[in-house]
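Subject: Structure handover

Dear colleague,

Here is the structure I said I would pass on. Please look through it before reading the notes underneath.

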Amino acid sequence: MMKTIFALLALFASASAFAPLPLKVVSETALEASRGPLAVAAGVVPALLTSSAALATEGTNEMFGVDDIRVLAALFVGHLTILTFYLTQYGDFDEEETDFFGEIDYSAVNSGKQKPFL
C-alpha cells in the first residue's frame, strides 16, 4: 500500500512539472534591480576570495609559494617586461575606432606600427 501511494505521489509530482505556469507580469527587470548592500557584497566577495589565492603558501610558508626572494624577483621582472612590451605595442590602441570580431587584427600593420609577417 505504501509503495502504491508513493508511486502515485511521484506520478503527480512529475505531471506537475509539465503543467503550464500561470502568467505573471514582471514589473522589474534585471537592469532595475536594487543595488543594496547585499548586492554590493555579492560583487565584492568573489573578488576578495579569488585574490586571496595569491597569498596561499603552498607548503613553503611564503606568499606566492616562493621561498627564495631572488626567484620571486625574477618572476616579477619577467612579468613586468612582458607587460612593458605589450603596452608599448598596444598601449595607445583605441578599441572604439575599429571593431574586432575574431578575425586577424591588421590594425597595427595598417597604422605602420608593425611590419607585415610575410
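The notes below go from the whole chain to single residues.

Please keep in mind that this is a predicted model.

Overall make-up

The protein chain contains four helices and zero strands, so its pattern, read along the sequence, is α-α-α-α. Of the 118 residues in the protein chain, 3% are buried. The accessible surface of the chain is about 11200 Å², and carbon and sulfur atoms account for 68% of that surface.

Helix α1

Helix α1 takes in residues 2-17. Its 16 residues should span 22 Å at 1.5 Å a residue, and the C-alpha atoms at its ends are 23 Å apart, which agrees. Helix α1 is hardly covered, since the number of buried residues among its 16 is zero.

Helix α3 and the nonpolar patch

Helix α3 covers residues 69-90, and L80 lies in it. L80 has a relative accessible area of 51%; the cut-off for exposed is over 50%, so L80 counts as exposed. L80 also belongs to a nonpolar surface patch of about 680 Å². The other residues that make this patch are F76, L83, Y86, L87, Y90 and F93.

The salt bridge

How many salt bridges does a search of the whole structure find? The search finds one. R70 and D68 form a salt bridge, with their closest N and O atoms 2.9 Å apart. The two partners can be described by their accessibility: R70 is exposed, at 63% relative accessibility, whereas D68 is partly exposed, with a relative accessible area of 25%.

Helix α4 and its surroundings

Helix α4 consists of residues 107-110, and V109 is found there. Helix α4 also holds S107. Is S107 buried or exposed? S107 has a relative accessible area of 16%, and buried means under 20%, so S107 is buried. V109, by contrast, has a relative accessible area of 27% and is partly exposed. Apart from neighbours within four places in sequence, V109 is in contact with Q114, K115 and P116.

S107 can also be placed relative to the nonpolar patch. F93, one of the residues that make the patch, is 14 residues from S107 in sequence, and the C-alpha atoms of the two are 9.0 Å apart in space.

That is what I have on this model.

Regards

Technical notes: Residues are numbered from 1 along each chain as its sequence is written. This is a predicted model: local features need pLDDT of at least 70, side-chain atom pairs count only at pLDDT 80 or more; totals for chains, interfaces and linings use all residues. Side-chain values use heavy atoms; hydrogens and water are left out. Helices (H or I, at least four residues) and strands (E, at least two) are DSSP runs, numbered from the N terminus. The expected span of a helix is 1.5 Å times one less than its number of residues. Buried means under 20% relative accessible area, exposed over 50%, partly exposed in between (1.4 Å probe, protein chains only). Patches are made of residues with over 30% relative accessible area and no salt bridge: like charges are joined within 9 Å, nonpolar side chains (Val, Leu, Ile, Met, Phe, Trp, Tyr) within 5 Å. Accessible areas come from the Shrake-Rupley method with a 1.4 Å probe; for residues, only the protein chains shown count as cover. A salt bridge is a side-chain nitrogen of Lys or Arg within 4 Å of a carboxyl oxygen of Asp or Glu. Contact means heavy atoms within 4.5 Å.
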